[in-house]
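Trainee: Please take one part of this model and go through it closely. I would like the packing of a single helix, followed outward to whatever lies around it.

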Amino acid sequence: MPELAEVDYFRKQWNPGLGTSIRRVQTHPAARIFRDSPAVAIERGLAGRCFLGSAAHGKQMLFEFSGGAWLGLHLGMSGELRTAPCDHVPAKHDHLVFVLDSLSLVFSDYRMFGRVSLDITEDGLAPSWWRELPPQPADAGFTKTRVRDFMRRFPKTPLKTLLLDQRGFPGIGNWMADEICWQLRIPPQTPSGTLDDLSLEAVWKMTRRVSREALRVIGTDWGELPDSWLMNHRWRDGGICPRRGCKSELVRDDLRGRTTCWCPSCQGG
Ligand SMILES: [Zn+2]
């Protein structure tokens with residue numbers, strides 16, 4: 001599932017269309033991605049408008065069009081954005097295609113957990129749902145006090161599970177949450193209420209560090225994170241802990257419904 005860095009990577013895939021107008025909108029109207037705004041509303045609302053800009057916030061994206069029109073987009077589990085030639089014939093999973101003068105912008109999603117929504121604002125400002133999103137790890141508002149206070153509200157929740165809570169940690173998903181726990185050497189099952197102030201500060205700092213690095217490496221050109229991270233070793237059974245001097249076999253197990261990977265030596269638990 002795309003997390004903040006993958007989301008930012010996909011957002012930028014539509015950049016070649018910036019500054020040009022939508023000639024035609026092609027949709028699969030029955031696709032579940034239109035459950036918030038019907039396809040016909042998006043077709044009528046955006047045709048003829050110029051694509052002005054975009055932003056990512058956690059797992060959410062917002063695309064700005066002329067005349068105060070805004071397309072919210074969430075990739076869900078399997079959504080992808082790409083460009084295609086103008087004469088692109090939408091494939092089976094290409095549920096939303098904007099045909100511009102010299103290329104097409106394509107949103108494809110085979111599992112259809114993704115979604116789009118249209119807002120047209122009178123004041124031209126981004127829609128209120130966007131402005132009210134909680135600060136993401138790279139923002140100035142993502143302070144250690146905010147993180148500590150958020151975590152104190154859920155003392156019984158395992159650290160890993162809390163890191164997945166988009167109200168506190170927008171954009172953090174399964175691999176990043178495992179990475180943060182592993183780099184901190186804290187078992188992912190640790191109830192957050194048992195962490196002292198110093199540990200909570202470390203969680204805040206590591207969340208920022210992992211987010212920043214993921215955005216730099218994956219968000220720029222889908223590069224490879226260093227092999228010294230858990231990321232490249234967590235996907236299959238029998239993976240080996242990459243920490244220098246450890247070499248224990250990693251454990252993969254369910255934690256509150258999510259596959260979780262950790263090192264029994266470095267992290268215990
Ligand atoms: Zn280890």
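Mentor: Take helix H7. The model is a predicted one, and in it H6 and H7 are oblique to each other. Helix H6 covers residues 174-184 and helix H7 covers residues 197-221; the angle between them is about 125°, and their axes lie 10 Å apart. The angle is over 115 but not over 145 degrees, so the pair counts as oblique. H6 passes H7 in a right-handed crossing. On the H6 side the contact is made by Met176, Glu179, Ile180, Gln183 and Leu184, and on the H7 side by Ala202, Val203, Met206, Thr207, Val210 and Ala214. By class, the contact of H6 with H7 consists of 8 nonpolar, 2 polar and 1 charged residues.

H7 also packs with H1. Here the angle is about 35° and the axes are 8 Å apart. This crossing, too, is right-handed. H1 contributes Leu4, Ala5, Glu6, Asp8 and Tyr9, while H7 contributes Ser211, Ala214, Leu215, Ile218 and Gly219. The classes in the contact of H1 with H7 are 6 nonpolar, 2 polar and 2 charged residues. Ala214 of H7 therefore appears in the contact with H6 as well as in the contact with H1.

The domain division gives the context for H1. The protein chain is split into domain 1, residues 4-131, and domain 2, residues 144-262. The centres of the two domains, taken over C-alpha atoms, are 30 Å apart. Each side supplies residues to the contact: 9 from domain 1 and 9 from domain 2. H1 provides the largest share of the domain 1 side, with 6 residues. That side of domain 1 has 4 nonpolar, 2 polar and 3 charged residues.

From H1 the path leads to a sheet. This is an open sheet of 4 strands in the order E2-E3-E4-E8, paired antiparallel. Strand E2 (51-57) and strand E8 (115-120) stand at its edges with a single partner strand each, so one side of each has no neighbour in the sheet. From one strand to the next, the twist averages 20°. Within the sheet, strand E3 (residues 60-65) and strand E4 (residues 69-74) run antiparallel and are joined by 6 bridges. Glu64 has Trp70 of E4 as its bridge partner. Helix H1 (residues 4-12) packs on this sheet and touches E2 and E3, its direction making about 175° with that of E2. Helix H2 (residues 39-46) packs on the sheet as well, touching E3, E4 and E8, and its direction makes about 45° with that of E8.

A further sheet completes the account. It is also open, with 4 strands in the order E1-E6-E7-E5 and antiparallel pairing. Its edge strands are strand E1 (24-27) and strand E5 (79-84), each paired on one side only. The twist in this sheet averages 15° from one strand to the next. Strand E6 (residues 94-99) and strand E7 (residues 104-109) run antiparallel and are joined by 5 bridges. The bridge partner of Val97 in E7 is Val106.

To return to the starting point, H7 packs with H6 at about 125° and with H1 at about 35°, and H1 in turn packs on the sheet, touching E2 and E3.

Note on methods: Residues numbered from 1 in each chain as written. Predicted model: local features only at pLDDT ≥ 70, side-chain atom pairs only at ≥ 80, totals over all residues. Axes fitted to C-alpha atoms, helices over the stretch in contact; angles between N-to-C directions. Helix = DSSP H or I, 4+ residues; strand = E, 2+ residues; numbered from the N terminus. Parallel < 35°, antiparallel > 145°, perpendicular 65-115°, else oblique. Left-handed = near helix turned anticlockwise from the far one by under 90°. Contact = placed C-beta atoms within 7 Å. Nonpolar A, V, L, I, M, F, W, Y, C, P; charged D, E, K, R; others polar. Pairing = 2+ DSSP bridges. Domains from an automatic or database assignment.
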